[in-house]
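Work through the exercises below with the sequence and the model open. Try each task before reading its solution.

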Amino acid sequence: MNFTVISLFLIIVAATLVITYFAAKRTNTASEFYTAGGGLTGWQNGLAIAGDYLSAASFLGIAGAIALTGFEGFYYSVGYLVGYLVVLFIVAEPMRNIGKYTIADMLTARFDLKKVRGIAALSTITIVTFYMIAQLVGAGALIQLLFGIPYWVAVIIVGVMMTTYVMFGGMTATSWVQIIKAVLLMAGMFIISLIVLFHVNFNIVELFTQARDASPHGASYLNPGVDSDLPLDTISLMLALVLGTAGLPHILLRFFTVKDAKTARASVITATWIVGIFYLLTIFLGMGAVIFVGHETIVANNPAGNMAAPLLAQVLGGDLLFSFIAAVTFATILAVVAGLVLSGASAFAHDLYGQILKKGQATEKQQVVAARVASLSVAAMSITLALFAQNLNVAFLVALAFCVAASANLPPIIFTIYWKRFNTTGAITGILSGLISALVLVMLSPNVLDPDGNAIIVGDPLFPLANPAIISVPLGFLGAYLGTIFSSRKLDTEKYREIKVKANTGFKEEIDS
């Protein structure tokens, strides 16, 4: 088994390094580094978006959640999928038309102020950091389990590889790594799902019945509320998942890698189909795991159920299928982390260095050098934090990333596109109110404070909900609204009309007042 695992790992690593080598030859300008020169087709970018979105948390976490909690675990699948509809109908096309490299570009297209760019970059870096730490901790745990090497060595290995992809290959290399990973992951999901369905004679009702009987929850396994004492907590989580996707920096960055809005829409449609099929298949993985692996075995290997899918692969397909799934999971983590590094580097190099420090006067060479240095810095910071987060509950980090994205990024994005009166003060107060409220409420939640010692700090939580989106998202919108209403800044009607035309057509036209 070790030989098989190592062989598959080496094949994937070799393939991705070859991609990086050829991509590096085509990465000479800032546009090529950040957005692959806008040269990806709709289906390529759609696969890359799916590769960016289908993280190890989706593959390992949701399958485990469904195995342990049944219907309630499927909430995650529904939330992640519906989130793409928000992206498709509200954000994708205007984002592509107005922005250039980052979220801050899109906001400052209407509000040309350094404060807006700086605060938007701060929000991006916060989201990227939390998301990346969770991925690195998961990668470290997986490699530590498979190879028996120390956790810190595993984290550094993943960190060095992802940095190599981004520093030398930029968005082109990152995109193709994500495309390959998406294809491999979907192949693995199909194989396991078909084997599970074969064992139940392709009878979905029989699958549900056997899963219910195998679960210690019995009949309640197929009902909501198994793992949540507060229905409001489930609603809050769903709100974060549905709205957070439209504010995730590494997802939004992908809309700038295509040539026009039409291709951006095609990308999201392709990604939605892939993501939808993926999350549908998580039902077969989760229920198959509780039937063929068993609840006790899953919990014994990982109390959170994160090893349910690999264990199911081993039971159904032996060491060969287990090794393939483990290698694909490794590729999944690499691809997602590479995308996160790139979005974080964009915020540092393009927004903070290129636009604020250099006032937009940096040369192409300076921008590329700054981007590579920023990539190295973001990776080093995340690796360092992940080394100290081995025993941290990483689930709340991912949930927090979605919550911050929905609370801090989404309100100013929507108001910039659709609200005529929205102004600079509203953009700043919207981002800050969403960002600060999300961070403070999570620090007071059961994810951080727990009297039984199951969280970071022993103590009674001051805020009852595990995910604060139901509070912080409205506060983000309210902050943006009140900041605009009570601001003394004059309404720039001409600028809004220009942005409206550009958002809907992709063309910047001179409009007479």
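**Exercise 1.** Which residues is Thr-416 in contact with, leaving aside its neighbours within four places in sequence?

Solution. Contact means heavy atoms within 4.5 Å. Thr-416 is in contact with Met-106, Leu-107, Arg-110, Phe-111, Phe-422, Tyr-496 and Ile-499. Next, place the residue: Thr-416 lies in helix α16 (residues 395–418). Helices are DSSP runs of H or I with at least four residues, numbered from the N terminus. Last, accessibility: Thr-416 counts as buried because its relative accessibility is 0%. Buried means under 20% relative accessible area, exposed over 50%, partly exposed in between (1.4 Å probe, protein chains only).

A note on the source. The model is predicted: local features need pLDDT of at least 70, side-chain atom pairs count only at pLDDT 80 or more, and totals for chains, interfaces and linings use all residues. Residues are numbered from 1 along each chain as its sequence is written, and side-chain values use heavy atoms, with hydrogens and water left out.

**Exercise 2.** Describe the surroundings of Ala-313.

Solution. Start with the element: Ala-313 is found in helix α14 (residues 308–357). Its relative accessibility is 0%, so Ala-313 counts as buried. Not counting residues up to four places away in sequence, Ala-313 touches Ile-192, Gly-318, Leu-321, Phe-322 and Ile-325. Then check a distance: the C-alpha atoms of Ala-313 and Ala-289 are separated by 8.8 Å, with their positions 24 residues apart along the chain.

**Exercise 3.** Analyse the aromatic pairs.

Solution. Rings of Phe, Tyr and Trp (its six-membered ring) pair if their centres lie within 6.5 Å; planes under 30 degrees apart count as stacked, over 60 as edge-to-face and the rest as tilted. The whole structure holds 10 aromatic pairs. One of them joins Phe-278 and Tyr-279 edge-to-face, at 5.1 Å centre to centre and 80 degrees between the planes. Both Phe-278 and Tyr-279 are buried. Trp-419 and Tyr-481 form a stacked pair: 5.7 Å centre to centre, 15 degrees between the planes. This pair links distant parts of the chain, 62 residues apart. Trp-419 sits in the loop between α16 and α17 (424–443), and Tyr-481 in helix α18 (residues 469–485). Tyr-481 has a relative accessible area of 39%, so it is partly exposed.

**Exercise 4.** Which residues form one aromatic cluster?

Solution. The cluster consists of Tyr-80, Tyr-131, Phe-278, Tyr-279 and Phe-402.

Notes:
Helices (H or I, at least four residues) and strands (E, at least two) are DSSP runs, numbered from the N terminus.
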